[in-house]
Amino acid sequence: MSRDPRDIIKRPVITERTTEMMASKRYVFEVDIRANKTSIKQAIEEIFKVKVANVNTLRVPGKPKRQGRHAGYTSEWKKAFVQLSEDSKELEFFETV
């Protein structure tokens with residue numbers, strides 16, 4: 001499964017909780033639902049040039065939603081919690097802030 005790393009890592013998940021986790025070099029990303037931990041680790045290391053210590057994944061189920069009389073579900077997605085090694089540099093998402 002040799003795909004472009006940017007196809008595996010879709011976007012960082014930035015919330016109050018994940019911002020607090022960034023202090024301990026732990027980052028959260030939305031990833032491709034078919035990606036496994038090994039491919040996520042390789043993609044993060046290639047994109048950001050850092051050393052990944054640990055990867056945990058979680059599938060987020062779709063929620064029921066309705067628009068008027070039409071009911072459906074939001075898409076299911078997968079998120080990855082990535083722990084960088086102690087000697088890695090921190091990732092910069094907000095260079096201009």
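**Exercise 1.** Is Arg59 buried, partly exposed or exposed?

*Solution.* Start with the cut-offs: buried means under 20% relative accessible area, exposed over 50%, and partly exposed in between (1.4 Å probe, protein chains only). Arg59 has a relative accessible area of 47%. Arg59 is therefore partly exposed.

A note on the source: this is a predicted model, where local features need pLDDT of at least 70, side-chain atom pairs count only at pLDDT 80 or more, and totals for chains, interfaces and linings use all residues. Residues are numbered from 1 along each chain as its sequence is written, and side-chain values use heavy atoms, without hydrogens and water.

**Exercise 2.** Find the salt-bridge partner of Arg59 and place both residues.

*Solution.* A salt bridge needs a side-chain nitrogen of Lys or Arg within 4 Å of a carboxyl oxygen of Asp or Glu. Glu76 fits: its closest N and O atoms with Arg59 are 3.1 Å apart. Strands are DSSP runs of E, at least two residues, numbered from the N terminus. Arg59 sits in strand S3 (residues 52-60), and Glu76 in the loop between strand S5 (70-73) and strand S6 (77-84), so the pair ties together parts 17 residues apart in sequence. Glu76 is partly exposed, at 40%.

**Exercise 3.** Describe the salt bridge between Glu30 and Arg11.

*Solution.* The closest N and O atoms are 2.7 Å apart. Glu30 belongs to strand S2 (residues 26-31) and Arg11 to strand S1 (residues 9-12), 19 residues apart. Now check exposure. Glu30 is buried, at 14%. Arg11 is partly exposed, at 42%.

**Exercise 4.** How many salt bridges does the whole structure hold?

*Solution.* The search finds four. Another of them joins Asp32 and Arg34, at 3.2 Å from N to O. Asp32 is buried, at 8%, whereas Arg34 is exposed, at 59%.

Definitions and conventions: Helices (H or I, at least four residues) and strands (E, at least two) are DSSP runs, numbered from the N terminus.
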